[in-house]
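Subject: Model for your files, with notes

Hello,

Here is the structure I said I would pass on. My notes follow below it.

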Amino acid sequence: TYDYSVQTDTTMDGASEDTASLSIRGQADITVIDQCDLVLTMKNVQIDESVPSGVERPSGKGRDMQRLLESRSLRFALQDGVVTGLCPDSQEDPRALNIKRGLLSALQNSM
């Protein structure tokens, strides 16, 4: 199990001094099926957003994304520390899949 945390900040240079932030935290369980076949399952996902005052609060739309991230596992292949293939469920939401890709990318180690 890995604790996962990422934050993204968005600004519009020249338009405003405000910054919009989104943070995603949770746990990523990696289960080994066989030597090169693994499964990523996300749990305890929390999605927060910041308001212009800088206060962080649970995201209104975050519950839907939390459900999407936790509802389907992602099978993947790993060879010498590098993700070599993904086998997403045919019903996987593209946004959830992209977040899971980013998580797996961060876990790669080919040293």
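Helices and strands here are DSSP runs, at least four residues (H or I) for a helix and at least two (E) for a strand, numbered from the N terminus. On that basis K100 sits in helix 2. Please keep in mind throughout that this is a predicted model.

Overall layout

The chain has two helices and six strands, in the order β-β-β-β-α-β-β-α along the sequence. Its C-alpha atoms fill a box of roughly 50 × 30 × 25 Å along the principal axes. Of the 111 residues in the chain, 29% are buried. Taking contacts between residues at least 6 apart in sequence, 48% join residues at least 24 apart. The exposed area of the chain is about 7,300 Å², with 47% of it supplied by carbon and sulfur atoms. On the charge side, there are 11 positive and 17 negative charges, and the mean positions of the two sets lie 7 Å apart.

The core

In soluble globular proteins, nonpolar side chains tend to be buried together. The largest nonpolar core in this chain has 18 residues, and those that touch the most other members are L40, M42, V45, I47, M65, L69 and L103. At least two residues of this core come from each of strand 2 (19-34), strand 3, helix 1 (62-71), strand 5 and helix 2.

L103 belongs to helix 2, which covers residues 94-107. L103 counts as buried because its relative accessible area is 2%, and the cut-off for buried is under 20%. Beyond the neighbours within four places in sequence, L103 is in contact with Y4, A28, L40 and M42. R75 is 28 residues away from L103 in sequence, with a C-alpha to C-alpha distance of 13 Å.

V45, also listed among the core residues with the most contacts to other members, has contacts with I24, R25, G26, Q66, L69 and E70 once neighbours within four places in sequence are set aside.

Two buried charged residues

Which side-chain contact does K100 make with a backbone oxygen? The side chain of K100 reaches the backbone oxygen of L69 at 3.4 Å. K100 is a buried residue, since its relative accessibility is 0%. Not counting residues up to four places away in sequence, K100 touches L40, M42, L68, L69, R72, L74 and E92. Among these, L40, M42 and L69 also appear in the list of core residues that touch the most other members.

D29 is located in strand 2. The relative accessible area of D29 is 16%, so D29 is buried as well. The side chains of D29 and T1 are joined by a polar contact of 2.4 Å. With residues up to four places away in sequence left out, D29 touches T1, V39, L40, T41 and K43.

Positive phi

Two residues other than glycine are worth a look for their backbone angles. N44, in strand 3 (residues 37-50), has a phi near 55°. N44 counts as exposed because its relative accessibility is 52%, and exposed means over 50%. D80 has a phi of about 50° and is placed in the loop between strand 5 (74-79) and strand 6 (82-87). At a relative accessible area of 69%, D80 is exposed too.

Strand 1

T10 is part of strand 1, residues 2-11. Is T10 buried, exposed or partly exposed? T10 has a relative accessibility of 45%, so T10 is partly exposed. Its contacts, leaving aside neighbours within four places in sequence, are with D18, T19 and A20. S21 is eleven residues from T10 in sequence, and their C-alpha atoms are 6.3 Å apart.

Where to start

If you open the model with limited time, I would go to K100 and its contact with the backbone oxygen of L69, then to the 2.4 Å contact between D29 and T1, and then to the positive phi values at N44 and D80.

Regards

Notes: Residues numbered from 1 in each chain as written. Predicted model: local features only at pLDDT ≥ 70, side-chain atom pairs only at ≥ 80, totals over all residues. Heavy atoms only, no water. Buried < 20%, exposed > 50% of the residue type's maximum accessible area, 1.4 Å probe, protein only. Contact = heavy atoms within 4.5 Å. Areas by Shrake-Rupley, 256 points an atom, 1.4 Å probe, with all protein chains shown as cover. Lys, Arg positive; Asp, Glu negative; His and termini not counted. Charge placed at Lys NZ, Arg CZ, Asp CG, Glu CD. Polar contact = N/O pair within 3.5 Å; in protein donor to acceptor, adjacent residues only side chain to side chain. Core = buried A, V, L, I, M, F, W, Y, C linked by side-chain atoms within 4.5 Å.
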